[in-house]
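Student: I am new to this structure and would like a close look at one part of it, the place where the two chains meet. Could you walk me through that part and then link it to what lies around it?

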Amino acid sequence: MTLILDIVLRLAVWLLLAPLLPGIINKVKAWVAGRRGPPVLQLYYDLAKLWRKGVVLSTLASPGFVAGPAVAWVALTGAAMLMPLGPAGSVVSFNGDVLLLIYLLALARFCTVWAAMETGSAFEGMGAAREVSYAVLAEVAIIAAVLSLSVETGSVSLVTMLSPSLGTGAVLLAAGLFTVLLAENCRVPFDDPNTHLELTMIHEVMVLDHSGPPLAAVLHGASVKLLLFTVLLVQAVLPMGELSPLGAIAALAAGVLVVTVGVGLAESLLARLAFRRVPLLLTTAFLFCLFALLVAWKGGAE
Amino acid sequence: MSASTPFALLANATSLPWADVPAWPVGEFVRTTANELTRGARLCAWFGVPEDTATRIVAVLAFDVDNTLAVARSTPFTGAYPSLTTTHTQAHLFEREVWEQHGLIPEGHPWLKPVRKNNGNAPANGEFFRVDGREVHEVAVGPIHAGVIEPGHFRFQCAGEEVLHLEIALGYQYRGGEEALIGGPHRATMSQVETVAGDTTIAHATAYATIMESLAGVDDRSSTEAPLRSQWMRAIALELERLANHIGDMGALAGDVAFLPAMSACGKIRGDFLNLTALICGNRFGRGLVRPGGCHLDLDGERAAQLLERLNTALAETEQAVGWFWDAASVRARFENVGLVSPAQATEIGMVGPAARGCGLVRDVRYDHPAGWHRFAQVPVAVWPGGDIFARAKVRSLEIQRSGEYLRAQLATPVDGNLHSELAAPVPDTFAVALVEGWRGEVCHVALTDSAGRFRRYKIIDPSFHNWTGLTLAMRGAAISDFPICNKSFNLSYCGFDL
């Protein structure tokens, strides 16, 4: 019984809080630009609106076109269930759950790409190609980050891995994971979530043909993924294990807020990268994570 | 150099009797035109004039170095003629247009297809240049775009992210503008000319007013000039139009690379400059200000002082916003060496305006063919070598500074006198040319009156007509994801092209 209650509560926290993040980012961007900006709750309104709308389906598309966003959303929510929330831990925790997390994220990406290819549109094929080629580099960086945490804690279970002491590699890890967060969630300087120019998009161009509830699933799934990466980053860097449970939760919330505002500031002050330079930055992120791994491995031996 | 030309010479904003325009059989006409183009002339206009069942072709050339224009015509003919495009690429769109409008076939034209009308079908349904190969894929963009912009169709041939070829199909905005002017001037003519390209109202209206003034003769050839005060007003309005659009473009370029500070600021400042135009004439796009014979609305001393004060504020804000733009390395990295057009290409296809000046070409109607107030007060020509997006943006930001300085100087020394003088009816059987440097480049109007003094032919060439080809060249070998910034750096008009 308590397990069911626990799951419901966690789902509520993850699913209900996630759309807040894009709202905060947009508010920060508006504030830097001297504009009033959209309401912080705008994504909630958008999701409610999309949920009530009908779906326009291409006659060429197979059922995979709708199944893609649905499976991706479930995969992302599942990944969220594996992610521990400070002292509250996670629903299921087992040895190697971090690998499942990585695979769930990959599954979500695969499904989005699959749905994008369904319509046969030149735009969406282009977006899918970009998404997949940059993912190759971003995933290497994540795996390096996970390895460094694993080496440092000697565990492959997320709950143990994410409560390290503030090691020397934390700064490196923070830089690497923040860059990966920006890339994975299609933020500036990798992608521009606000642009209307199909030819320059990565993620947005893949979901151009979705409408109504499937689009709502895509948008909501993207916000869950953003929250997931933010929580991962904060917990990988902050030594929360030593705080009281309440203090740890507060530190986590504050950390998530700081990272979100940081994303907003990065978007406000940086221009986008040309696509040919994206691999350079992603490789840099990988190197950050790799050095964090080296520090964890060699530095911890003393 | 131009002294020995067989063409008839005339200065910008003047007219000459139709009978004085030399006429040759079309073969010789094409050959002579080709010779002049080889000697450094530039093709401003190339269009047909129907004569009974046949058609004459008229060529207007510009000798920029000699500050003079030259005109010649062919004798009436039907059917085919040897294409000028085979030797001079800058004629390629003109010849397609003449073929579309009059059915004269340029023999040897490499890519003869309609310019605007496509046999009742949408332009996107026409035939496109295709690149073959297993790796090559085609991307079709438009005519409906994601932003609130004009319709146009872009067909890319890509190998991965690299663009091998871009072909642009326009004509969705075709309104029959030139046809509507024939038999004019009508009551609606002024409004029609002002809306040829809504963002270039002052330039097109000034060109039309200049045509009417150069055609108005009391008895002989003596054209009537607009009062100096109105010429001064037109120059001010023209620079305000340039400032508003250039700043809007800088903001749009920043927006396309997701650089928010400059985007937001420039968008707001563009509005400030539009409001300055509204201060003069009551609306933000300069409608109703320029009229044949002068200006319709005056700028009294109090409003002139207010204009100067608000101008200074807006210019200071501009300097700051454009400063952020140039200071951000992440912005410069996106613009340098992207969307390259070489000076040779720009010359070959006859590019004009900031796009041409961004290739290092010194080409500015205000300097090369001064008319109106620009005969007395010049603006330095802003040129930047490079031919990339950076250079086109740099030319804009230089022009913002220079137009700002020009406006300050002009507002400090207002011209007294009448604002409007009555024009006599246009002289019959006369040919007139007016060039104005709009913010996109050379706006060219050509008029020919019939025996009753009405328009027999009225030709409008918006700078976009010359420059769309430049955009396709800039995209060759570029990444398809750079198309939007490349397109913004040209920012060409769809309706000005489609007419």
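Tutor: Happily! In this predicted model, 23 residues of chain A are in contact with 26 residues of chain B. On the chain A side, the elements that give two or more residues to this contact are helix H2 (20-33) and helix H6. Helix H2 of chain A makes the largest contribution, with three residues. Sorted by class, the chain A residues that touch chain B are twelve nonpolar, five polar and six charged.

Let us follow H6 into chain A. Helix H6 of chain A covers residues 122-153, and it packs against helix H8 of chain A, residues 170-184. The angle between these two helices is about 150°, and their axes lie 10 Å apart. The crossing of H6(A) with H8(A) is left-handed. On the H6(A) side, the residues that meet H8(A) are A:Tyr134, A:Ala138, A:Ala141, A:Ile142, A:Ala145 and A:Ser148. Facing them from H8(A) are A:Leu173, A:Gly176, A:Leu177, A:Val180, A:Ala183 and A:Glu184. Taken by class, this contact has nine nonpolar, two polar and one charged residues.

Another spot to find in chain A is A:Ala217, which sits in helix H10 (residues 212-237). A:Ala217 counts as buried because it has 24 C-beta neighbours inside 10 Å, and the cut-off for buried is 20 or more. Leaving aside residues up to four places away in sequence, A:Ala217 touches A:Pro69, A:Ala70 and A:Trp73. For a sense of distance, pick out A:Thr283, which is 66 residues from A:Ala217 along the chain. The C-alpha atoms of these two residues are separated by 31 Å.

Now turn to chain B, where you can look for a sheet. Three strands form an open sheet in the order S9-S10-S11, with antiparallel pairing. Strand S9 (136-141) and strand S11 (162-169) of chain B are the edge strands, each pairing on one side only. Ignoring direction, neighbouring strands of this sheet are turned by 20° against each other on average. In general, strands of a sheet pair through backbone hydrogen bonds, either parallel or antiparallel. Here, S9(B) and strand S10 (residues 153-159) of chain B run antiparallel and are joined by six bridges. To see one pairing up close, find B:Val141, whose bridge partner in S10(B) is B:Phe154.

How values were computed
Residues numbered from 1 in each chain as written. Chains lettered and ligands numbered in written order. Predicted model: local features only at pLDDT ≥ 70, side-chain atom pairs only at ≥ 80, totals over all residues. Axes fitted to C-alpha atoms, helices over the stretch in contact; angles between N-to-C directions. Helix = DSSP H or I, 4+ residues; strand = E, 2+ residues; numbered from the N terminus. Left-handed = near helix turned anticlockwise from the far one by under 90°. Contact = placed C-beta atoms within 7 Å. Nonpolar A, V, L, I, M, F, W, Y, C, P; charged D, E, K, R; others polar. Pairing = 2+ DSSP bridges. Buried ≥ 20, exposed ≤ 12 C-beta atoms within 10 Å, placed from the backbone.
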